Amino acid sequence: MRLFFALLSTNLQAVLALRTTFWIQALFMALNNVIFFVFWWVLFERFDEIRGWRIEDVAALFGVSAAGFGMARIFAGGLDGLAERIDGGQLDPLLVQPRSVLLMTLGSRTNADGWGDVLSGFVLLAFSGYLSGVGLVLAPLAVLLSGLAFTASGLLINCLAFWLGRVDDLARLIWDFLLVFSVYPPSLFGGALRVVLYTLIPAGFVAYLPTELLRNPAVNTLVIASLGAALYAVLAAWVFSRGLRVYASGSRFGVRD
């Protein structure tokens, strides 16, 4: 963990070296999220609720999803372009380091726009009214579980490159699907699609269950959400380790300090 936070500190110093760029990226991402939520607000001006979800619930869902995604962007920015780096044999410099390849990969970079996601996420959580009372404890926990699930999902998606080769476009497409479904109330979906949203595209674990923890606090919801995120994280780490066994090194040489 000392290594991981040392990487994060170094990456933050790098992005803060251009402070103006950092704040522009963060603020524009926060503005983008708020503008997207305005469409929901306009819709709920006409309807009190949609399939059992009120505007406060959608704000909580969007807030958890945005903040969780932002956590993944900040703490696991190395997921960006990972499939392309795997296919191009660009993990070589990490393989010779006397540290966890997985941690070095995830912590190899950070993204300034992630701070905008986290900021807008907590603003929406405050707007929802769930960021009070017991929510002061449950909301950060929900965001943490969402961030862990987002990171695990992104890692699993990118690991396809170990076996399928050039899949960066496919990985980006699946990632976009996950983001889209994570900000829509799950009651809008049913049947087979709901099964998909808890397995192949785990929007249920990155957004639905963490948000349900705020809407209807219960021990069983906390256990299921925590176990789901933890199992996805363990599965992603295992798949990455298996992928390294079939990884083909690139022809380029590089040195990492």
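Modeller: A crossing is left-handed if the near helix is turned anticlockwise from the far one by less than a right angle, and right-handed if clockwise. Heads up: this is a predicted model, where local features need pLDDT of at least 70 and side-chain atom pairs pLDDT 80 or more, while totals for chains, interfaces and linings use all residues. Residues are numbered from 1 along each chain as its sequence is written, and side-chain values use heavy atoms, leaving out hydrogens and water.

Biologist: How far apart are the end C-alpha atoms of helix H3?

Modeller: Helices are DSSP runs (H or I, at least four residues), numbered from the N terminus. The expected span is 1.5 Å times one less than the number of residues. H3 has 21 residues (55-75), so it should span 30 Å, and the distance between its end C-alpha atoms agrees: 30 Å.

Biologist: How many residues of H3 are buried?

Modeller: Buried means under 20% relative accessible area, with a 1.4 Å probe and protein chains only. H3 is mostly covered, and of its 21 residues the buried ones number 18.

Biologist: Are H3 and H7 roughly parallel or roughly antiparallel?

Modeller: Axes are lines fitted to C-alpha atoms over the stretch in contact (heavy atoms within 4.5 Å), with angles from 0 to 180 degrees between N-to-C directions. Those of H3 and H7 (residues 113-128) come within 7 Å and cross at roughly 160 degrees. Under 35 degrees counts as roughly parallel and over 145 as roughly antiparallel, so this pair is roughly antiparallel.

Biologist: Which handedness does the crossing of H3 and H7 have?

Modeller: Go back to the turn of the near helix, anticlockwise or clockwise from the far one. For H3 and H7, the crossing is left-handed.

Notes: Helix = DSSP H or I, 4+ residues; strand = E, 2+ residues; numbered from the N terminus. Buried < 20%, exposed > 50% of the residue type's maximum accessible area, 1.4 Å probe, protein only. Parallel < 35°, antiparallel > 145°, perpendicular 65-115°, else oblique.
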